[in-house]
Amino acid sequence: LLDDAGELATTIFAEMSALAAATGAINLGQGFPDEDGPSEVLEAARRAIADGVNQYPPGPGLPALREAVAEHQLRFYGIPLDAAQVLVTAGATEALTATILALVDHGDEVVVLEPFYDSYAAAVALAGGVLRTVPLRWPGFRPDHDELRAAVTDRTRLILINTPHNPTGTMLDRTTLELVIDLAHEHDAVIVTDEVYEHLAFDAPHIPIASLPGGFERTVTISSGGKTFNTTGWKIGWLSGPLDLVRAITAVKQYLTYVNGAPFQPAIAVGLRLPDAFFTGAADALRAKRDLLSASLREAGFAVSTPQGGYFVVADAAPFGVTDAADFARRLPELAGVVGVPLTAFVLPEHREGYRSLIRFAYCKRPEVLQEAAGRLAGLA
Ligand code: PMP
Ligand code: GLN
């Protein structure tokens, strides 16, 4: 979290987006789509503003959205949920931070898959917790079950998973999720699952851990509307789980943001109730983009991973002699007019070995932008 001068560093996403803006490079760094999502959702937000939904919503969120989340969990995953078990948050980020602050005491351990989304480590540090990492290694990025077993002990308070996974695109299979449930029961740990890419799965269906036997009773499930509806700037997220956990997290959340995004909440509720064709269409469109960018990176000379879901592909720049991905990422705008994020930004400083030539590229961009990036990357070879 701290830079070499001991200051709280700017996030890698802000740094790389600023670099793209300053150099005119194509921004395949920060993960956000470059076109709007479904018109029904945008229209519902306009309507809510016109209808005066512009003051503080209730603390746990507007009933319309909490009910829509409950319906969504039942419709897609067969998870029966009461609206009272849903808390609306300022994006998945606040759901994660509030959960960690509510449940982790000083010295408690939090097991995470590494690389991990950057806010995890920051939130655990704020809570005074200790990270225990389970490595996902290039190129398969699958967790080793023995390493997972070894990481979870009676000191573990939370097992924090993310599927589909940022930055690797890994999706956790049923056997791995069952192991997580067994370990949580054995060591009396709570499972926190970040499922913001739940509808962006390409090859196999997303499996929420709360839908498996023994899962729901000790799991906090987190998601958000940003990725599913191309509304990352709205910051409407939510979490759900057993009432006692949700209550404990609500108590913390009220002092973080209190509430947020009143007119966007009913709009996301409209999105969650869209027909199946919308959700499958979004995954199909993104799969085509994954294939397009992966092929271009391969042609340009990178080795690439095969993401099973989410926004990102990981490329190995070792064929270009790269041994410092962060330095390469900073030079990439000049070399190829494209911005990516070094994987070393998602691992603890002492675990950088094994990630030093890897760069994450976002493919959640318009096809013509990915084509232009392909042309530029071809110049690298
Ligand atoms: N978790 C993961 C894995 C993410 O990639 C992101 C960012 N897109 C978030 C959480 C944060 O989501 P939000 O913008 O809803 O806060
Ligand atoms: N989740 C997006 C990413 O991983 C954006 C993160 C951010 O800007 N904080 O790129």
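**Close-up views of the model**

**View 1. Strands β10 and β13, side by side.** Five bridges join β10 to β13, and the two run antiparallel. Strands here are DSSP runs (E, at least two residues), while helices are runs of H or I with at least four, both numbered from the N terminus. Two strands count as paired if DSSP finds at least two bridges between them. Look for Ala-315: the residue standing opposite in β13 is Ile-359. Now step back a little, and β10 and β13 turn out to belong to an open sheet of four strands, in the order β9-β10-β13-β12, with antiparallel pairing. At its edges sit β9 (303-304) and β12 (341-342), each pairing on one side only.

The model is predicted: local features need pLDDT of at least 70, side-chain atom pairs count only at pLDDT 80 or more, and totals for chains, interfaces and linings use all residues. Residues are numbered from 1 along each chain as its sequence is written, and chains are lettered from A and ligands numbered from 1 in the order in which they are written.

**View 2. Strand β8 and its two partners.** On one side of the story is β2 (residues 86-90), which pairs with β8 in the antiparallel sense over five bridges. Then there's β7 (residues 219-224), which is joined to β8 by four bridges and also runs antiparallel to it. Trp-238 is a handy landmark in β8, as it is the bridge partner of Val-88 and also of Ser-223.

**View 3. β8 from face to face.** All five residues of β8 (residues 236-240) are buried, so the strand is largely enclosed by the rest of the structure. Buried means that 20 or more other C-beta atoms, placed from the backbone, lie within 10 Å of the residue's own (12 or fewer is exposed, in between is partly exposed). In a regular strand, side chains alternate between the two faces of the sheet. In β8 both faces are covered, with Ile-236, Trp-238 and Ser-240 buried on one side and Gly-237 and Leu-239 buried on the other.

**View 4. Where the two domains touch.** The protein is divided into domain 1 (12-30 + 277-378) and domain 2 (39-274), with bounds from an automatic or database domain assignment. Their contact takes 28 residues from domain 1 and 27 from domain 2; residues are in contact if their C-beta atoms, placed from the backbone, lie within 7 Å. On the domain 1 side, α11 (276-300), β10 (312-316) and β13 (358-362) each supply at least two of the touching residues. Helix α11 gives the most there, with seven. Sorted by class, that side of domain 1 has 18 nonpolar, six polar and four charged residues.

**View 5. Around ligand 1.** Here 14 residues surround the ligand, the closest being Gly-91, Ala-92, Thr-93, Asn-166 and Ser-224. A residue joins such a shell if its C-beta atom, placed from the backbone, lies within 6 Å of the molecule. Helix α4 (residues 91-103) gives the most to the shell around ligand 1, with three residues. By class, this shell has three nonpolar, nine polar and two charged residues. For these classes, Ala, Val, Leu, Ile, Met, Phe, Trp, Tyr, Cys and Pro are nonpolar, Asp, Glu, Lys and Arg are charged, and the others, Gly among them, are polar.

**View 6. Around ligand 2.** Thr-11, Phe-13, Gln-30, Gly-31 and Asn-166 surround this one. The shell divides into one nonpolar residue, four polar and no charged.
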